[in-house]
Amino acid sequence: MSLRRRSSRVPQLLLAASLLGALLAPPAAATSAHHSPSGGTGGAGGGLSLRVATYNIHAGAGMDGVFDLDRQTAELRSLNADVIGLQEVDRHWGSRSEWRDLAGELARRLRMYVSFAPIYSLDPAEPGGPRAEYGVAVLSRHRIVSAENHEITRLSTQDPNPVPAPAPGFGEVVLRVRGLPVHVYVTHLDYRPDPAVRVAQVADTRRIMAEDRGPKILLGDLNAEPAAPELAPLWRELTDADPGAPTFPAQDPVKRIDFVAVSKDRTGVRRAWVPESLASDHRAVVADLLLRRR
């Protein structure tokens, strides 16, 4: 979707944000001049620095299986990232996360804006209660200009006899980084050994991203390693910000299934790394980027 078409929806998005949850605007998050932790607002050749991260938060539970949002908040804060893509995010989903809104709580604690894109949105357990939702989210120090929850092919975990079908949960936001529109996408691909659904999801991802212009950043748990055949089409347009380390499982990780990937034409990778942590069953990937205006 083009920025022009999306920008016409901003007032409705900021007032209601019904598809993607609340867009929070903590007082400290709105600043006139943002200084990136990755080296300031400027860069070589007039580029803009941006630190991004992706993190599967395992519904708030650590490698030990214990729900502890304080522990995850501390881990996310330590990344010092401008933009964070989250997967396995609960909103009033169930007892495993104490029926809490993890996206909203993390945004408030970190004083960041948030956009939540549910994969599943189920009727409340009690009449009048909040919907039980599970999906992905973007946290950002930059104001979220617009957001959309795209459909991609999914094999539902809520249907006893699922078939591949379009379903929501591919989140996209447009940020303005010192006046530059930046498209950020967050995703969580199918986990099953058979790659057929991931093949379809990659095709859907490329189709959606091809509609946009300017710097693009894809953050996600792709449930496949970099050399997997089903991921190969992504690398035609995107650069994998290879951190040189595995991400899963968090305890003694053996494979990298978590990714920061950026558009080749407008975005460069200065460095990327994987912090050691047991706050989730995944480790995060963090990357310092350089965004080019032209």
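In which sense do β1 and β2 pair, and over how many bridges? They pair in the parallel sense, over five bridges. One of the residue pairs there is A53 with I84, where I84 in β2 is the bridge partner of A53. Before I go on, please keep in mind that this is a predicted model.

I'll stay with β2 for a moment. It covers residues 83-91, and it is mostly covered, with nine of its nine residues buried. By buried I mean under 20% relative accessible area. β2 also pairs with β4, residues 132-140, this time in the antiparallel sense and over seven bridges. Two positions to look at on the screen: L86 stands opposite A137 in β4, and D90 stands opposite Y134, also in β4.

Now the sheet around these strands. It is an open sheet of six strands with mixed pairing, and the order reads β3-β4-β2-β1-β12-β11. At the edges stand β3, residues 113-122, and β11, residues 267-273; each has a single partner strand, so one side of each is left without a neighbour in the sheet. From one strand to the next, the twist averages 20°. Packed on this sheet is helix α3, residues 69-79, which touches β1, β2 and β12. Its direction makes about 155° with that of β1. For reference, β1 is 48-56 and β12 is 285-291.

As general background, strands of a sheet pair through backbone hydrogen bonds, either parallel or antiparallel.

On to the other sheet I want to show. This one is also open, with six strands in the order β5-β6-β7-β8-β10-β9, and its pairing is mixed. Which strands are at its edges? They are β5, residues 144-154, and β9, residues 238-240, each pairing on one side only. The twist here averages 25° from one strand to the next.

β5 and β6 run antiparallel, and ten bridges join them. β6 spans residues 165-177. As a landmark in this pair, H150 stands opposite F170 in β6.

What packs on this sheet? Helix α5, residues 196-210, does, and the strands it touches are β5, β6, β7, β8 and β9. In residue numbers, β7 is 180-188 and β8 is 216-221. The direction of α5 makes about 150° with that of β5.

To recap the helices: α3 packs on the sheet that holds β1, β2 and β12, and α5 packs on the sheet that holds β5 and β9. That is what I have; questions are welcome.

Note on methods
Residues are numbered from 1 along each chain as its sequence is written. This is a predicted model: local features need pLDDT of at least 70, side-chain atom pairs count only at pLDDT 80 or more; totals for chains, interfaces and linings use all residues. Side-chain values use heavy atoms; hydrogens and water are left out. Two strands pair if DSSP finds at least two bridges between them. Helices (H or I, at least four residues) and strands (E, at least two) are DSSP runs, numbered from the N terminus. Axes are lines fitted to C-alpha atoms, for helices over the stretch in contact, and angles run from 0 to 180 degrees between N-to-C directions. Contact means heavy atoms within 4.5 Å. Buried means under 20% relative accessible area, exposed over 50%, partly exposed in between (1.4 Å probe, protein chains only).
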